[in-house]
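The following exercises are meant for a reader new to this structure. Each one sets a task and then works through a solution step by step.

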Amino acid sequence: QSKLGSDEGDFAAHSLTSLAPVLDRLLPFAALNLSSNQIASIDRLRESKVLRRLDISHNVLEEIDPEATPLLVFLDASFNQIQALRPSLGVMRDLTELHLSHNSLASLPPEIGALVVLEVLDVSHNALQSLPAEMGDLATLRVLMLNNNKLTDDGCVLGALCSVERLDLSYNLLTALPDVALLASVTKLHLSGNQIKTLDERIMMVPKLKELSLSANKLKDIPREITMLQRLSLLDLEGNSFTGDALAVFTCNDVPLIFRYLEAESSSDKRTIVKQCKAAKDKSTSVTTLPPKHSKGSKKSRHNTVQISAADMGIDVGAQPSEPVVKPYRKRLYQVKGEEVVLVRRVQVSYTAMNAGDCFVLDSGKRVFVWKGGEASATECAKAMSFAELLSREECGCTPVVSVDAAECEDSPLLPDGFDFWDALGGKGNLQSEEEAGADADVLGLFLTGFCFYRVVQDERAGSLDVEVVKNNELPFKHELNSCHSFVLDAVSEVFVWAGLESTSNEKAWAMLKAEELASQPHRAKCCGVRWVMDGDELPSFREYFSDWQDNTWREHVKKRKKLSEKGQDVQTYDALVQKVVKQQEKHMTKEERKQLREEEKRAAQAAKLLKRDRKELMKKERSGTIGESSKASKEKKKEKEEEKKKEKEEEKKKEKEEEKKKEKEEEKKPEKAVEKEKEKKAETTPAPAVVSSSPSSPSSPSSSSSTSSSPFSSSAPSSSSAPSPPSTTQTPAP
């Protein structure tokens with residue numbers, strides 16, 4: 001409702017497959033929320049003459065007809081299956097916000113430049129490889145989200161986007177800084193997760209830059225020109241290829257210290273700055289507790305701050321790094337329970353948490369099992385299968401999904417390969433019955449009694465930070481998340497930290513501390529832990545705890561299944577057809593492209609794990625003092641680099657001098673040749689007057705032919721001082 005306004009027509013999560021049944025109810029509204037349905041076309045909306053704002057996200061659209069909704073000001077078509085945009089996109093000239101994230105777009109049409117009043121464009125999480133040149137015509141664009149695509153250096157041509165304030169190019173295939181010379185208004189530039197090796201001088205062409213994110217790249221050094229960015233307040237350089245003192249300085253997250261290090265000329269000054277950076281990192285382990293938020297009727301009182309040292313937190317700063325220990329995969333078990341409101345919650349990985357009346361989804365690392373209880377309903381089975389598919393695709397690196405039907409194949413001694421469910425669970429025992437597990441409403445009510453949703457807000461003017469309760473004992477809505485803050489979602493058996501893209505580092509840190517405090521409470525289950533969720537890349541298990549963000553794609557199949565069973569038709573054949581359709585959803589892609597996509601997802605997951613491991617090892621080595629080179633070795637290397645630079649400069653100067661000498665010699669030769677040509681011409685033109693007087697009209701005379709073919713300069717007085725020189729001699733000075 002916050003996106004479309006208070007007067008919207010809310011038809012979200014109504015299991016709509018077309019607009020025909022509710023068309024008469026849709027037409028009077030100027031704002032429509034049709035998200036989380038199964039709508040495949042919006043062509044019927046062309047009958048509306050007042051529609052200005054439309055949310056059609058989380059549907060099954062494969063294309064959008066702009067001519068059906070030419071008057072739109074706001075359009076959100078994210079989380080669909082759109083592969084291309086029509087050239088008629090330029091018809092929507094009033095469009096100010098266009099959201100197309102999480103689709104299958106491979107390119108953008110040139111007609112996008114016709115959207116002259118567009119302010120927000122989000123095409124993240126697609127397959128874009130290049131941008132059209134007409135993107136530079138979007139003079140009013142303020143926010144441009146291009147992260148999680150396949151943009152390369154040649155394809156990332158931004159043009160003169162003079163009004164863009166926020167530009168996100170994270171997680172692409174860039175190897176160098178894009179051309180930002182014409183992006184004079186950019187204040188937030190995100191380039192994380194690329195392959196950038198060097199940062200050139202063009203970065204100083206963005207004078208208004210306040211936030212620069214270059215984490216998870218391949219940088220080895222930072223140029224001194226970055227100190228020209230006087231407004232820079234946030235510089236993220238984590239996860240690069242820095243070594244020695246550069247690693248300690250560039251990862252301290254203190255912009256003034258980094259600038260001082262780059263501007264320092266003497267080695268002694270740099271040493272003192274390195275010590276300050278290391279001391280700042282040690283101090284970052286100490287935490288200042290803020291007073292709790294007071295109720296509206298109470299008065300605020302001053303509280304003394306309490307300093308918690310690294311030793312109090314159990315961190316041994318001087319300990320030597322030990323060999324890395326390979327921890328086993330942390331398995332997760334989810335319970336799927338309910339009919340009208342289906343609850344998906346995390347439970348303890350044990351047979352004691354299971355019962356015969358529900359479905360359970362087990363993530364064992366190698367496989368995702370769907371265990372269907374003998375007394376489970378068709379709704380629970382369909383929801384469990386849908387959730388397992390999402391879990392496998394978005395969290396587990398496309399691991400295979402194995403369905404285990406307790407009534408059919410669990411007691412069989414000849415099980416097919418992969419049915420090691422009880423081994424993955426850790427053992428089998430007597431399960432509870434459906435009655436012992438409790439009614440659906442009772443379990444849901446008990447779960448909601450411990451459910452809570454917090455918001456972490458920092459007031460920079462007042463210098464305070466508050467942890468507010470947004471929702472208690474009820475599920476929140478998606479629009480209650482705000483990218484300007486961080487949030488903590490307490491789901492009883494697991495705790496999530498949602499970090500907004502524009503939230504401050506203090507808000508993120510305090511959100512993590514709050515989550516760890518909740519997870520460490522004594523009444524929590526053993527499986528309870530803290531999970532980090534990024535804004536725009538939410539996990540399926542996180543989305544299930546929101547009322548309007550849950551996956552409801554399976555409900556239509558359940559309805560059809562019930563109709564078939566009521567008519568006495570075969571339901572198993574329908575289930576087989578549904579599975580075939582699900583497998584053929586990616587039919588537009590070739591087999592090789594599907595394999596490449598799965599391999600890339602697996603590589604990305606492995607790279608993320610390796611990155612976390614490397615960061616932990618670097619932190620351990622840095623604390624123990626074993627990382628970095630000796631001061632003598634670093635001095636020698638610096639001297640060698642300086643000598644190499646001097647030699648290169650001297651060679652360049654020599655080449656320039658040789659080229660200048662060659663040019664001077666050529667210029668000296670040119671005037672001599674010009675003088676010789678003038679003498680030859682004078683010698684030829686001396687008998688000209690006599691010939692002209694004797695035969696003025698003779699075309700065969702050599703003098704007449706030379707006079708007629710010569711330039712206007714030759715027809716003037718013979719004196720070289722009073723007449724301008726010929727064109728061939730004007731380019732070089734006289735000898």
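**Exercise 1.** Determine why strand β15 counts as largely enclosed by the rest of the structure.

*Solution.* The model is a predicted one. Strand β15 covers residues 343–347. A residue is buried when its relative accessible area is under 20%. Four of the five residues of β15 are buried, so the strand is largely enclosed by the rest of the structure.

**Exercise 2.** Describe how β14 and β15 are joined.

*Solution.* Begin with the direction: strand β14, residues 332–337, runs antiparallel to β15, and five bridges join the two. Next, take one bridge: K337 has L343 in β15 as its partner. Finally, consider the connection: the two strands form a hairpin with five residues between them. In that turn, G338 has a positive phi of about 125 degrees.

**Exercise 3.** Establish whether E380 is buried or exposed, and what surrounds this residue.

*Solution.* First, locate the residue: E380 belongs to helix α5, which spans residues 378–394. Second, E380 is buried, yet it has no salt bridge. A salt bridge requires a distance within 4 Å, whereas K337, the nearest side chain of opposite charge, is 5.4 Å away. Third, the side chain of E380 does reach the backbone nitrogen of S377, at 3.3 Å. Fourth, leaving out residues up to four places away in sequence, E380 touches V336, K337, G338, G357, D358, C359 and D440. Among these contacts are K337, the bridge partner of L343, and G338 of the hairpin turn.

**Exercise 4.** Apply the reasoning of the previous exercise to D535.

*Solution.* D535 is found in the loop between β23 (530–534) and α10 (540–543). D535 is buried and has no salt bridge; R166, the nearest side chain of opposite charge, is 5.7 Å away. The side chain of D535 makes a polar contact of 2.6 Å with the side chain of S483. The D535 side chain also reaches the backbone nitrogen of L501 at 3.3 Å. Apart from neighbours within four places in sequence, D535 is in contact with S483, W498, A499, G500 and L501.

**Exercise 5.** State which strands form the edges of the open sheet of 11 strands.

*Solution.* The strand order is β1-β2-β3-β4-β5-β6-β7-β8-β9-β10-β11, with parallel pairing. The edge strands are β1 (9–10) and β11 (234–236), each of which pairs on one side only. At the β11 edge, β10 (residues 211–213) pairs with β11 in the parallel sense over three bridges. Within this pairing, L212 has L235 of β11 as its bridge partner.

How values were computed. Residues are numbered from 1 along each chain as its sequence is written. This is a predicted model: local features need pLDDT of at least 70, side-chain atom pairs count only at pLDDT 80 or more; totals for chains, interfaces and linings use all residues. Side-chain values use heavy atoms; hydrogens and water are left out. Buried means under 20% relative accessible area, exposed over 50%, partly exposed in between (1.4 Å probe, protein chains only). Two strands pair if DSSP finds at least two bridges between them. Lys and Arg count as positive and Asp and Glu as negative; His and the chain ends are not counted. A polar contact is a pair of N or O atoms within 3.5 Å; within protein, one must be able to donate a hydrogen and the other to accept it, and residues adjacent in sequence count only if both atoms are side-chain atoms. Contact means heavy atoms within 4.5 Å.
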